[in-house]
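Hi! Here are my notes on the model you sent over. Have it open while you read, and look up each residue as we get to it.

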Amino acid sequence: MTHEPVKPTAPSVEDLAPEAESAGTSDRYAEGPREIGEALLKTFFTGLSWTAAARVLSSIGVALRYIVFVRLLRPFDFGVIASATLVCTALSAVTETRMGQSLIQQEDRIDPYLDTLFTIALVRSVIIGLMLVVLSRPLGNFFHLGEAYKAFWAIVPLPILQAVQSPRLISLYRRLDFHFVTILNVSEVAASFVFGLIAVLYWRDWRGLMFSILVGALVRLVLTYLLFPHRPRLGFSMERAKAMLPFGLWFSLGTLCDFISKQLDNLVVGHLLGPGALGNYQMAFRAGEMPVAEVTMAAAVVTFPMVAQMRDDSSGRSRLFWSLTSVVAVAGVAYAAVIFAFGPRIVLRLFGPAWIHAVNPLKVLCIYGVLQGFLVVGRSFLNGLGKPELYVIPAAARALVLAIAIYPLTVSHGPTGAAAAGVLSILFALPMMSYLLRQLA
């Protein structure tokens, strides 16, 4: 999720002017129904090629970074970083309004909304940073980090760096110019690996990993302004905020349920079993879901805006849906077969004996990755159809099942039990997602 690569060039301010923005992609396909469908599918596969390239190159870089870093550091160090990023992501999920997502599927010009979008994101990120500082010691005690509680101080710049990216980046999705995704993702991962390796060799502990994350975020921030020029200003319009809020809140609520479903296991493993076990579990989680996640996330980035333009073409949407789910199934089953057959040897060869305890949860998480891929595809269709509120139903059910199952399964079976709880939660959510999609077909 290949066409001849197009040499990416930074758009000028004129290229991103409101007039061009409001025209969107609809003017490109102002022909008959058949021509519209063919043009949209061609655009979809072009965008998919670029996003797939971005995800593949990024995943290779992330995998390389993991293979190198795990041989230089302990599972404890990865557990420290996992604890800090978990809390930071949790605060972000709870406070995220996702207003920018509403601009993707609406037909209005986006320029009048950008200052409000930027201001809300900046204020929210500063609040998150203050909360991390204030709660650092109690959080360190909760995760049994000892003096490494300072990781919660060190991660404070991350939400701020993410918040102050160019708000005009949203035009990437409206105009379907997905080759910019490749530039952003690859640059971030490359900077994170190169400078992170230097930092890891210097500090030899979790601080090197934290530096790696922050440098990657900084490089991405700079590139968003080079590729999508914008002069950010502090300003707030209640009218603009209200226009973006309804879609954004439903989108955010679904994202919050997703966060609980994906992170509650990390929270329980970190609290019950400590940072060492959490480090092993995090490695297994990433390795287990990565191949299918890269395929589905690449597809979802393109599917959301594409489905928004195919609302009147149910047959085209159906073909697209079954094509994507087939790809997810094939990729997931093939990867799971490799892990079940050669998992221990792969972990020992790539990561070393310190990570052998990750093998059993890794096998379970391969199954999790396939099921999660189906949910991601389904959600992208619901969002594209302007129905983000419907996704809350399966997402909330999934979060509830996980909340019930995670503690007893982790206590009785450790990280493997936590992985099994994740699989169980998705099995409850998938039939609901299937029903909702059939209703909208």
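The points below go through the cores, two helix pairs, some buried residues and two loop residues.

1. **Ground rules.** This is a predicted model, where local features need pLDDT of at least 70 and side-chain atom pairs count only at pLDDT 80 or more, while totals for chains, interfaces and linings use all residues. Residues are numbered from 1 along each chain as its sequence is written, and side-chain values use heavy atoms, with hydrogens and water left out.

2. **The big core.** Let's start inside. The largest nonpolar core has 92 residues. A nonpolar core here is a set of buried Ala, Val, Leu, Ile, Met, Phe, Trp, Tyr and Cys residues joined through side-chain atoms within 4.5 Å; buried means under 20% relative accessible area, exposed means over 50%, and partly exposed is in between, using a 1.4 Å probe and protein chains only. F78, L132, F152, M210, M283 and F381 have the most contacts inside the largest core. Which helix gives the most to this core? That's α15, with 16 residues. (Helices are DSSP runs of H or I with at least four residues, strands are runs of E with at least two, and both are numbered from the N terminus.)

3. **A second core.** There is also a separate core of six residues. Among them are L169, L223, L227 and F228.

4. **F78 up close.** Pick F78 from the largest core and check its partners. Setting aside neighbours within four places in sequence, F78 is in contact (heavy atoms within 4.5 Å) with Y66, F69, V70, L73, L209, G279 and W355.

5. **α3 against α11.** Two packed helices are described by the angle between their axes and the distance between the axes. For α3 (residues 75-95) and α11, the axes come within 8 Å and cross at roughly 45 degrees. Axes are lines fitted to C-alpha atoms, for helices over the stretch in contact, and angles run from 0 to 180 degrees between N-to-C directions. α3 and α11 are therefore oblique to each other; angles under 35 degrees count as roughly parallel, over 145 as roughly antiparallel, 65 to 115 as roughly perpendicular and the rest as oblique. Their crossing is right-handed, meaning that the near helix is turned clockwise from the far one by less than a right angle, whereas anticlockwise would make it left-handed. Who meets whom? On the α3 side you'll find D77, F78, V80, I81, A84 and T85, and they meet W206, L209, M210 and I213 of α11. By class, this contact has eight nonpolar residues, one polar and one charged. (Ala, Val, Leu, Ile, Met, Phe, Trp, Tyr, Cys and Pro count as nonpolar, Asp, Glu, Lys and Arg as charged, and the others, Gly among them, as polar.)

6. **α14 against α15.** Now try another pair. The axes of α14 (residues 359-384) and α15 come within 10 Å and cross at roughly 20 degrees, so the two helices are roughly parallel. α14 passes α15 in a left-handed crossing. Their contact has 24 nonpolar, six polar and two charged residues.

7. **G422.** G422 sits in α15, which spans residues 388-440. Is G422 buried or exposed? Buried, because its relative accessibility is 4%. Beyond neighbours within four places in sequence, G422 is in contact with Y368 and L402. G422 and Q263 are 159 residues apart in sequence, but their C-alpha atoms are 9.7 Å apart in space.

8. **V269 and Q282.** V269 is in helix α12 and counts as buried at 0% relative accessibility. Between V269 and P415 there are 6.7 Å in space, C-alpha to C-alpha, though they are 146 residues apart in sequence. Q282 lies in α12 too, and at 12% relative accessibility Q282 is buried. Not counting neighbours within four places in sequence, Q282 is in contact with A82 and N266.

9. **Loop residues to check.** Most residues other than glycine have a negative phi, and most peptide bonds are trans. H144 is not a glycine, yet has a positive phi of about 60 degrees. H144 lies in the loop between α6 (136-142) and α7 (151-154) and is partly exposed at 43%. R204 also has a positive phi of about 60 degrees without being a glycine. R204 is in the loop between α10 (179-203) and α11 and is partly exposed, with a relative accessible area of 47%.
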